[in-house]
Amino acid sequence: MGTGPPPAGISSRSSGRPSRGPASFPVPMTHTLIPDTRSSALDPILQRVLRAIRRRREHGFHFAGNFLAVSFDRVTVDDSLVSMKAECHARDGAIDGTALGVLADLALAAPIRAALPADTRLATVNMQLQLTGAPCHAPVTARSSFHGFLHGAAGRQAVSRVTLHGAGREIGLGTATFMVLDLPPGIPIPFLTPVDPALDETPLLDPDTDLDADERALFDYVRMALDDSRPANDFTQRLWGYRAHAREGGASGALANGPHIANRVGHVQGGVLLGFAQATAQAALPADWGLSSITATYVSPGEGDELKAEADVAHRGRTTAVTRVTITTGQGRRVLEVLATHSLRAGAA
């Protein structure tokens, strides 16, 4: 979920709905957009964008979760069930790491929300994910449970646990701690509801007439990412906007902030931060090393125009490796600290 206290001030959007955080995209357009944006002629991904914008209006959750069609199928303290109904796999056929991070983050928060009043906000303090290495195929589901509050802490910190499955096979498990905060004024209370895009017969929004300026910028950003991804088939990478490259001893990365990755208060969403750290950690090692676990400590909000990541290889053995990743704001303020373990894939030794 979000991290740290919300920024001050609320700006009004043209639709009259309150808005926080970045209102425009820092990434420049690289081509002229095709003028025909009739909903019926749109690519299925752009239709998903329009449905996600409508759900954000109705349910109050951020764009990333709505675009991935994260469905709160059951929300209880002891056994919440959250699923991801949208297809979101990377170029190599594996589930996109950011999509998995967003799902895990929302699923870990769900049983805690069931134990709290609706007008509260959860800020991720830490998260640990252990992956099993099993292939991940749809449907991707997460079952989670609430395990009480941290004893003796000055702030109210809630603890939860999750197991992740792909096509019924366990692909990962994890834990997290969230700080319980008051919901800032003007931020809508989220509705934890089931979603089934296959049964969604609501007419699509018209991008030319039904979107306000911020929503249209969001639509155009995804359209640009889709168009630019066609030669290399790397849509998910272009959607989230990670730019990571190897350097001596590790890797460096940059992430332009924007509404496509922001939570409800304008900070980069916690699962997206985890995905950014994972992408930078992966860039520090050759492609035959796969991520096996990740431990993240959320230090401060991911805010500002751009975030930066530095990954260093702390250990590289015959079959296991360790990377450390630090994410900071453009001004150098620490946002996230990550320790990741990697395993050499079979056949690569």
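1. Which residue of strand 13 is the bridge partner of Arg-316? In this predicted model, the residue of strand 13 that bridges to Arg-316 is Ala-321. Strand 12 and strand 13 form a hairpin, with 3 residues between the two strands, and their antiparallel pairing is made by 9 bridges.

2. On its composition, the protein has 6 helices and 14 strands, and of its 349 residues 51% count as buried. Among the contacts with a separation of 6 or more, 70% are accounted for by residues 24 or more positions apart.

3. The sheet deserves a careful description, since the points that follow refer to it. It is an open sheet of 12 strands, with antiparallel pairing, in the order 3-4-6-7-8-5-11-14-13-12-10-9. Its edges are strand 3 (70-74) and strand 9 (242-247), each of which pairs on one side only. On average, and with direction ignored, neighbouring strands of this sheet are turned by 25° against each other.

4. Two further pairings can be followed residue by residue. Strand 7 (residues 157-166) and strand 8 (residues 169-182) run antiparallel and are joined by 10 bridges, and within this pair Val-162 has Gly-174 of strand 8 as its bridge partner. Strand 10 pairs with strand 12 in the antiparallel sense over 7 bridges, and Ala-251 stands opposite Ala-311 in strand 12.

5. Returning to the sheet as a whole, its 12 strands form an open arrangement, and the strand 7 to strand 8 pair contributes 10 bridges. Helix 3 (residues 97-114) packs on the sheet and touches strand 3, strand 4 (80-84), strand 5 (120-131), strand 6 (140-149), strand 7, strand 8 and strand 9, while its direction makes about 130° with that of strand 7. Helix 6 (residues 270-283) also packs on the sheet, where it touches strand 5, strand 9, strand 10 (250-256), strand 11 (289-298), strand 12 (306-316), strand 13 (320-329) and strand 14 (334-344), and its direction makes about 135° with that of strand 11. Strand 5 and strand 9 are thus named among the contacts of helix 3 and also among those of helix 6.

6. Helix 3 and helix 6 pack on each other as well, at an angle of about 145° and with their axes 7 Å apart, in a crossing that is right-handed. Helix 3 contributes Gly-97, Thr-98, Gly-101, Val-102 and Asp-105 to the contact, and helix 6 contributes Gly-270, Gly-271, Val-272, Leu-274, Gly-275 and Gln-278. Sorted by class, the residues of this contact comprise 3 nonpolar, 7 polar and 1 charged.

7. How are helix 1 (residues 44-59) and helix 4 (residues 213-229) placed with respect to each other? They pack at an angle of about 155°, with their axes 10 Å apart. Because angles over 145 degrees count as roughly antiparallel, helix 1 is roughly antiparallel to helix 4. Helix 1 passes helix 4 in a right-handed crossing.

8. The contact between these two helices is made on one side by Ile-45, Leu-46, Val-49, Leu-50, Ile-53, Arg-56 and Arg-57 of helix 1, and on the other by Glu-215, Leu-218, Phe-219, Val-222, Arg-223 and Leu-226 of helix 4. The residues of this contact of helix 1 with helix 4 divide into 9 nonpolar, no polar and 4 charged, whereas the contact of helix 3 with helix 6 has 3 nonpolar, 7 polar and 1 charged residues.

Technical notes
Residues are numbered from 1 along each chain as its sequence is written. This is a predicted model: local features need pLDDT of at least 70, side-chain atom pairs count only at pLDDT 80 or more; totals for chains, interfaces and linings use all residues. Side-chain values use heavy atoms; hydrogens and water are left out. Two strands pair if DSSP finds at least two bridges between them. Helices (H or I, at least four residues) and strands (E, at least two) are DSSP runs, numbered from the N terminus. Axes are lines fitted to C-alpha atoms, for helices over the stretch in contact, and angles run from 0 to 180 degrees between N-to-C directions. Contact means heavy atoms within 4.5 Å. Angles under 35 degrees count as roughly parallel, over 145 as roughly antiparallel, 65 to 115 as roughly perpendicular and the rest as oblique. A crossing is left-handed if the near helix is turned anticlockwise from the far one by less than a right angle, and right-handed if clockwise. Ala, Val, Leu, Ile, Met, Phe, Trp, Tyr, Cys and Pro count as nonpolar, Asp, Glu, Lys and Arg as charged, and the others, Gly among them, as polar. Buried means under 20% relative accessible area, exposed over 50%, partly exposed in between (1.4 Å probe, protein chains only).
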